[in-house]
Each structure stands twice: as C-alpha cells, then as structure tokens.
Amino acid sequence: MKKIEARKVYKEKRMELTEAARSKLDDLLLIQFQTISLPHIRHLLSFWPIEENNEPNTHLFEDYLAFRNPAMKLLYPKSDFEKTDMEAIEVDADTPFHKNAYNLHEPMTGIVMDAGAIDMVFVPLLIFDKKGYRVGYGKGFYDKYLKQCRTNCLKIGFCYFDAIDEIDDRHNFDVPLNLCITPQKVYVF
C-alpha cells in the first residue's frame, strides 16, 4: 500500500472510532505496553495527542513510565514549519503549552534537550507495516529528528490497528520503529 492511500484509509478508520471505543482501545494499548521489559528511561520524548485526529492517549503511557522511572524527564516536540524540523523541550507540570495552527500542543518554554540524550521516543503514526516503517502525517519531522538520536534510542509507536503488509513507497530517509503497540499485540522489529 502506498503512503497516500494508507494515510487516507487509516485517517478515516480512526475517525470512525467513538470516544468510548478509543478509551477502551487506549486501555488495551496500556496493558500491552506494560508487558514490555523496558530499560531505565531517563529522557522520554512524547507528544500531545491531537484530539481532532483521534490519536491514542499518550498521556497514559507517559504516566506509566513516570511511575516506573520517577526521575524521568519528559520532553515534548516544538516544530519549526519553515525549516521542517523540530527540537525536544523538557517540560513539567508548570510548563505552559499553546496549540499551534496544526492543532499541535507545544511547550512555550523549557530547556532544549540534545537528541543524543533521549532514551525513548513515542512516534506518532496512522499505520505501520510489518517491517516497522510507519505512515505519519507526511511532513517528515520525526524521521529527520530520529536520525539525530542514538542508535539504541527506542522508537515506539502506538496504533489502534494491526500492521499492514508493506508500505510500498518507503524512502531511504524513513526511520523504522523498534516496537509498535496495538491493542492485541506488541510488534518487535
């Protein structure tokens, strides 16, 4: 399946999910996530789920990791749409966020963290394939950023749907996930 088709099909499938169905799926995602043996996480780059896109509730997974790793630093992306890149900003309970024109909640203040210090990244996606490649929203921000991270940085996706066989039009700059969590299974790549 080509990215443009996968993006259309899985955006539609996600939009068909009711709030109650998404809540149940989020709980199942969390249960699957809790089955993974994870190393100690010092720095987690997450993202604020876009409610209008019916994205999985990443706050649940952040809270679980924070409970397991009380000293963990939570980071959120801040995007530069002119340069099509992003940086990771350390946040806490007092960090002010604003919602930009793309419905992304971004930190307004905070310390920029070097990509090389990040242990785990929650990577947004619409769907993924059996080799760990994902279809995002098409801007390439995350693939560009993930190339700056350490090779042992865990790249994890959360998806309400099972993997498709293959994304036919992958690019050489696409960065695969290490794991993708679905309500029924943990995919390891």
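These legends walk through five close-up views of a predicted model.

**View 1. Phenylalanine 128 and its aromatic partners.**
Let us begin with the rings, since the model has 16 aromatic pairs. In one of them, phenylalanine 128 meets tyrosine 187 edge-to-face, with 5.0 Å from centre to centre and 75° between the planes. Phenylalanine 128 belongs to strand E8 (residues 127-128) and tyrosine 187 to strand E12 (residues 186-188), so this contact ties together parts that are 59 residues apart in sequence. Are these two residues buried or exposed? Phenylalanine 128 is buried, at a relative accessible area of 0%, and tyrosine 187 also counts as buried, at 11%. Phenylalanine 128 pairs with phenylalanine 189 as well: the centres are 6.2 Å apart and the planes stand at 70°, so this pair is edge-to-face. Because phenylalanine 189 sits in the segment after E12 and phenylalanine 128 in strand E8, the pair ties together parts that are 61 residues apart in sequence. Phenylalanine 189 is partly exposed, with 30% relative accessibility. Another place to look for rings is the aromatic cluster formed by Phe33, Phe61, Tyr64, Phe122 and Phe158.

**View 2. Charges over tyrosine rings.**
Two tyrosines come with a charged neighbour. Over the ring of tyrosine 133 sits the charged end of arginine 170, 4.1 Å from the ring centre. Tyrosine 187, seen above as the partner of phenylalanine 128, has lysine 185 over its face, at 4.5 Å from the ring centre.

**View 3. The E2-E3 hairpin and its link to E6.**
Seven bridges pair strand E2 (residues 73-80) with strand E3 (residues 85-91) in the antiparallel sense. Within this pairing, lysine 78 of E2 faces glutamate 87 of E3. Four residues separate the two strands of the hairpin, and threonine 84 in the turn takes a positive phi of about 50°. E3 also runs antiparallel to strand E6 (residues 112-113), joined by two bridges; here isoleucine 89 has valine 112 as its bridge partner. Across the hairpin, the side chains of lysine 73 and glutamate 90 form a salt bridge at 4.0 Å, N to O. That contact links strand E2 to strand E3 over 17 residues of sequence. Both ends are partly exposed: lysine 73 at 36% relative accessibility and glutamate 90 at 21%.

**View 4. The salt bridge of arginine 42 and aspartate 119.**
This is one of 11 salt bridges in the structure, with 2.9 Å from N to O. Arginine 42 lies in the loop between helix H2 (19-34) and strand E1 (43-45), and aspartate 119 in the loop between E6 and strand E7 (120-122), so the contact ties together parts that are 77 residues apart in sequence. Arginine 42 is partly exposed, at 43%, whereas aspartate 119 is buried, at 7%.

**View 5. A salt-bridge network around arginine 170.**
Which residues does the network link? Its members are Asp129, Lys131, Glu166 and Arg170. Between arginine 170 and aspartate 129 the N to O distance is 3.8 Å. Arginine 170 is found in the loop between strand E10 (154-158) and strand E11 (179-181), while aspartate 129 is in the loop between E8 and strand E9 (134-135), so parts that are 41 residues apart in sequence are tied together. Aspartate 129 is buried, with 0% relative accessible area; arginine 170 is partly exposed, at 30%. Arginine 170 thus appears in two views, as it also has its charged end over tyrosine 133.

Note on methods
Residues numbered from 1 in each chain as written. Predicted model: local features only at pLDDT ≥ 70, side-chain atom pairs only at ≥ 80, totals over all residues. Heavy atoms only, no water. Phe/Tyr/Trp six-rings, centres within 6.5 Å; stacked < 30°, edge-to-face > 60°. Buried < 20%, exposed > 50% of the residue type's maximum accessible area, 1.4 Å probe, protein only. Lys NZ or Arg CZ within 6 Å of the ring centre and 35° of its normal. Pairing = 2+ DSSP bridges.
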